[in-house]
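Visitor: Could you take me on a close look at one part of this structure, the place where two chains meet? I'd like the salt bridges in some detail.

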Amino acid sequence: MLIIPCPWCGERDESEFSYGGRAKLLPPLDASADAWQAALHVHENPDGWHEELWFHGFGCNQWLVIRRHTRTQEIAGGRAPGEAS
Amino acid sequence: MSGNRQIRRLAQGGMIDRAKPLSFSFNGAKLGGFHGDTLASALIANGIDVVARSFKLHRPRGVMTDGPEEPNAIVTVGTGAARTPNLKATEVPLTDGLVASSQNCWPSVDHDFGAVAGLMSPLLGAGFYYKTFMAPQGAWTFYEKMIRRAAGLGRATEGLDPETYEHRHAQCDVLIIGAGPAGLAAAQRLAGSGMRIMLCDERRQPGGALQTTSETIDGAPGSVWAHAAAESLGSSGDTTVLQHATAVWLADHGLVTIAQRLGAGIPVAQRLWFVRARHIIVATGAIERPLCFSGNDRPGVMLSSAAGAYRRRYGVAVGSRAVVHANNDSGYNCLVELGAAGIDVAAVVDLRPAARIGDGARERAGTIPIHADSRVARTSGRIRLQHVAVASHGEADPRCSFDADLLCVAGGWSPTVHLLAHRGTPAQFDPDAAAFLAQAKEDHLELAGSAAGITDLAACLESGFRAAENALAKLGLEATARAVEQSVVSDVLPPGNLDGPWCSAQGTKRRRKAFVDLQNDVTAADLESAIAEGYDAVEHLKRYTTNGMGTDQGKLSNVLAIGIVAEITGRPVAEIGHTTFRPPYTPVTFGALVGPRIGSNLLVTRRTAFHDLHLAAGAVMEPAGAWLYPKCYPRGGEDIDAAIQREVVSVRGAVGFVDMATLGKFELHGPDAGAFLDRVYGNRLSTLAVGRCRYAVMLREDGVVFDDGTVTRMAENIWHLTATTSHAGSVYRHLTRLLQVEWPDLDVHLIDVSEQWAGLAIAGPRARDVLAQIVSDVATGSDDLPFMGFREGKVGAHHARIYRISFSGELAYEVFVFANAAADLWQAVMEAGESFDICPYGYEALDVMRIEKGHIADGEIDGRSFPGDLGLGRMMKRDTPFLGSALLRHYGEQRKRQPVLVGLTALDGKSRIPGGAILIDRNADARKPIGHVTATIISPTLGKPIAMAMLDSGQTSQSLSAVSPAAGLKVDVTVTAMPFFDPAGERMRS
Amino acid sequence: MTHYSLLQLAAEALLPSRRGPAFEQSELKSRYDVVIVGGGGHGLATAYYLAAQHGITNVAVIERGWLGGGNTGRNTTIIRADYLMPGNVAFFGHALGMWPTLSRELNFNVMFSPRGYLDLAHSEGQLDHFKRRANVLALNGIGARMADLDELRELEPALSIGLEPPIPVLGGLVQDTAGTARHDAVAWGYARGARKLGVDIIQGCEVLGLEIENNHLRAVKTNRGVVRTDTAVVSVAGNSSRVADMAGVKLPIETYPVQAFVSEPLKPILHRVTNLNLGYAYAGQTDKGEIVMGGNAEPMAGYAQRGSPLRIAELTAKLVHIMPFLSRARLMRVWGGIADIATDGSAVVGPSPVAGLHFNAGWGYSGFKATPAAGWCMAHSLASGKTHPLIEPFGFERFSSGAFLDEGGAGPYPWLH
């Protein structure tokens, strides 16, 4: 279990959150089928730093972005989805 | 007094409480011991030589160690439901009345039939089972039955575990693992720093190795100093000291799992701690290694450090006459303890050439002859050791033999690096220390004491201080290096020049009796043959021979095996490396892992606001996901089916009501809400008029149907949406994600009001009559509140939301009030409906009615259906893009196989269409599935079986059968138009 | 290479020098007809069937670490065929059928033990779903049946099951032909078999790059030199995306850590591998007596071969509820692997957009039982130049055609599969 830095609540246990996959915005709704397919099925799957979404469902009900190292589990900070990394 | 029979108990000494004699039994014999004993020390005191049989060859085994590294003395403790198998006698505190027995033997541990396996041992070498039992086909299944019968150590416990376990979560700034000299020194250095400190230790008393030596600190015996140190720390307020608490797992983000055994008289057997530490000091000490020679598994062979520890800790003499076998100076330390225990030492057999033996060691030996450059060639005795034969290194035959019932072995020390190795960085072999040393690569980890390979006491204290200062610095506190204040007197010999072969047995015959892993009966010969067969990667070797895979987790055998492999292959030890250290450090009781999660605490159970009313109404409650939900309300002896049928008939005939509280309910506020809804639902919603509801279908990004529900426009910019019970959580996450992450520019606020509102759906031809009686401030006429209309009003004094929505197909109203008014709503409905013989109905009746109406639910929305498959295709917007529209269109064109939702009736009009049945064309390929049944009932309304099914599009077969080969059922069916009942929907619009 | 038999065993007992290497290390040559990247069960099986079935022996299996050191040696060894989606049903049905004869074929006892598999249903909905699966399997000639509560109690008397919450059990799906095998032995058996037929096996050989010309594979660059080849199979569960990167190919795959754990050895008490369906939580007992347990992957993507003790504790609580005999037994060992999970949760097998470069990936939790059949089909495809029909449904095309194999209906989110 990780300690996840929620930009609104501070450091909290992972059990308060649910994982939401990589932090990559969806294509515009009118984008092509190809663009949508790529968005859903093409994965970088990095062995290293990964920007990802978590939902603080047993907390502030906010989505947040964290930067996590997929091998060491190190977390380099959390931010609100709209903020620059 | 049974204590009289403790023939190996010394008249004095030890940390036991002789004023508290205890009696216990072992294999039926009544024996005595003292408070402070372990089961192992008490067994030794009573002269018990054979405690257990080994796993594979059933060889007799005695106690080898005094700690968690024990490979031999594995026993079952307790009786009945409180019996525990596979405990190490060295870890079991002796208690009064304790009942222990040997396991893995028959008829008894002294005469074990399984020992015939020993005669076959050359055949049963490493990997033998990979090479045989293959013919004829299926042979393995036959042989396996026999092998399986011999498998396992102890017998599992039947019945419910009578003991209680608890979990405790804690946080601290610094966790120190190990209350030996280094750990205590670190704790003392940290005391008063303002940091929150935790200190844990696996033994019942602090001190670690200090308990087993004559070393003094500040003039006091080491164990006395340790006691005082731990006590003063424990009372300081900012330090928590946990004894009998083993740190077993170092996980990510400073999470340390500690298993604590609690003493007798405490109602909780074990407490499992999950500690979040900002900094961790690992001071876990070191474990002595045995030596590998022929006959090294005979009862009477013991680690040299353990032989001394048994005197110091328990006042026990582990033998009468000893030989010491060592490859380093620290093996000579036990001579003092053996002497003090009155044990004669016949000789020291040292693997090293004379020149490599330290002066201190020679001095310690005094008049005891040292046989340098020599090895123990074999051991003999009836069962326990009686003779030790000694040979020169180069020579095959023994040169001399000693009578001895104790052979102390000293093969050097392995720092306890397990916890740090859990972090994923392999330990590195240091040839000078002849040990694998851990790498503390992460910033929050610190290593101290003999766990770091340090061998003398003063340096251990010093390293504890440095570790503490490093921790302080990393935690942002200024920490100037302080000198250790304690004055230390130590006569403990460090290992000095450790040398000699990893395995001294020569020739295959001898090496077959030279054990590396005593629990799993892995010998040097096994390692040799595994290497000869190409299994020379260290992990292959482990897996092929099972070396280190026993319940002792290879604490004694792993490093020894690596050394022997190095010797056989001529490669350096460092190059061979070690196998991965797996958590936990020592086995953890599953009950402790379960902790409080038993019975009703196991899973979250959600009860609706109407729960007590359901029970009062006689409901049969059933779990549905996390919810407890009324299945039906049987009356006076009705069975379930009869109750469901009656409820349906009541609703269709007059009126009934059902709990709707589990629906997901969300409010949307804001000017962009309509636009948002058009994006997230497939059908158009922004055009909805105020006071109107609309059925709505939500898709995933890939165009598959995600959920359905209703959307209501309560005011110009206030909307209400529902989600199905099973998707309430995921729909909320989905919508919040879209609003917060994808489209933050939309001016919309989403509020989950699922818990706030409790509602009943009142359904049936008389529903309006009931509604009219319970609500005020609102007109209930069909024109005032039309089908799919929404109004607000009052139920009694309570604000109410009234949706004219129908899942059952009847005239129906969903009336919601604040959850705390649920009982009033229920009461009002019951009273108003009394004259219509109103009844509550359960979700089974609701399900029956929705199937009669052909409404989709979880069985159809299965995460694979596209809207078109479910007959919802025409609802989808064509002109405006929405979430899922791009791929919905694309896959609509690409997909080869497209199922469609259809209704089925049984051809004979009476056979129930089997649940989970597959549709086939009985006149064509009867094995080819062309669809499946998603929901099936015998309709009480229509008086015949009906079902919903997904059928491959384009199937026009007139010879459909629904088959259930698993149940041996086949029912011929025909496709029927849906809804089955009231296709024009007149009832719900009435 | 020696033939294994009881006689040989006796000879080895008398004359230890009779033991020969099961699979010795080869020197890497500069050119091969086929290079198989990854010396796990799948890669070795592919090599074995190329040689044994198609006479293609100029083959190298290159392995960065040691044979079977990835998921082959880390899984919980369950072999079953209880799938629902047509492509999975056919493939795993065939796969299950290959296990009973494998030991004899390889002359290496992989200890396939058809002790049965039990899948417990906890709600009416699950029960219906299980019936549907059992029916689909039966129609396809794959043995599976439903058992009610009474039969379940008879089959596994040590289970504590009933209709009561918190974990009601309404019935279960039973597959009597399912079981377990010894995972390491599968890798070793295939390695020995392939080596015997002339395949080169090189451990400690890491792929550093792929040489691609005009979208055709030309060579594999390793730490032991460059190997020219027109055909390579990437069979590196847990690292598929990394090797794909070298070819500029992006996979519909994410990697997730999965934990498993065992108890201390107990006398036999649990016969069949038994699975709970509250999330996954399953247990089976080995011939050594250890109860092997596992469950869902860790919830976040990653390459750390480890997980959280709290997750083990959660899983344990569910298992102990159904298997109360575990409560006083003890957890002996926990380990982790990393599984490649595709966006629809099923395997990704077949030619990639780069000609000559084939992938055998995305098996998630299902890789071990697929080993013989995946190797068989892959070898067939390479030798014939035409994808074997059994693995056709697993091709890359399905991600554009929509012919997904989403067993759980969880959608294009790997972490939910």
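**Salt bridges in and around chain C**

Guide: Let's start with Arg133(C), which counts as buried at 7% relative accessibility. This is a predicted model, so everything here is computed from it. The side chain of Arg133(C) meets that of Asp119(C) in a salt bridge, 2.8 Å being the figure for another pair we'll reach later, while here the N to O distance is 2.7 Å. Asp119(C) sits in strand β4 (residues 117–121) and Arg133(C) in helix α5, 14 residues apart, so the pair links distant parts of the chain. Asp119(C) is buried too, with a relative accessible area of 3%.

A second pair in chain C covers a longer stretch of sequence: Arg272(C) and Glu156(C) are 116 residues apart. Arg272(C) lies in the loop between β13 and β14 (273–277), and Glu156(C) in the loop between α6 (149–155) and β6 (171–175). Their side chains meet in a salt bridge at 2.9 Å, N to O, and both residues are buried.

Now for a pair with partners in another chain. Arg182(C) forms a salt bridge with Asp184(C), with the closest N and O atoms 2.9 Å apart. Arg182(C) counts as partly exposed because its relative accessibility is 21%, whereas Asp184(C), at 3%, counts as buried. Salt bridges that share partners tie these two into one network with Glu539(B), Lys542(B) and Arg543(B).

That network brings us to the meeting of chain C and chain B. The contact draws 111 residues from chain C and 112 from chain B. Between them the two chains bury about 9300 Å², and 59% of that is on carbon and sulfur atoms. Nine salt bridges cross this interface. One salt bridge between the two chains pairs Asp252(B) with Arg306(C), at 2.8 Å from N to O. There are also 53 residue pairs in polar contact, both residues at pLDDT 80 or more.

Which parts of chain C face chain B? Several elements supply at least two residues each, among them α1 (6–14), α5 (124–139), α7 (183–196), β13 (253–263) and β17 (330–342). Helix α5 is also where Arg133(C) sits. The largest share, ten residues, comes from α9(C). By residue type, the side of chain C that touches chain B divides into 56 nonpolar, 31 polar and 24 charged.

Chain B has another neighbour, chain A. Here 24 residues of chain B are in contact with 28 residues of chain A, and the two chains bury about 2200 Å² between them, 62% of it on carbon and sulfur atoms. On the chain B side, His253(B), Arg737(B) and Gln740(B) lose the most area, together 25% of what that side buries. The count between these chains is one salt bridge: Arg276(B) pairs with Asp13(A), the closest N and O atoms being 3.0 Å apart. Polar contacts number 13 residue pairs, again with both residues at pLDDT 80 or more. The elements of chain B giving two or more residues to this contact are α20 (728–742) and α24 (885–894), and α20(B) has the largest share, at eight residues.

To finish, the structure holds 91 salt bridges over all chains.

Conventions:
Residues numbered from 1 in each chain as written. Chains lettered and ligands numbered in written order. Predicted model: local features only at pLDDT ≥ 70, side-chain atom pairs only at ≥ 80, totals over all residues. Heavy atoms only, no water. Contact = heavy atoms within 4.5 Å. Buried area = accessible area lost by both parts, 1.4 Å probe. Salt bridge = Lys/Arg side-chain N within 4 Å of Asp/Glu carboxyl O. Polar contact = N/O pair within 3.5 Å; in protein donor to acceptor, adjacent residues only side chain to side chain. Helix = DSSP H or I, 4+ residues; strand = E, 2+ residues; numbered from the N terminus. Nonpolar A, V, L, I, M, F, W, Y, C, P; charged D, E, K, R; others polar. Buried < 20%, exposed > 50% of the residue type's maximum accessible area, 1.4 Å probe, protein only.
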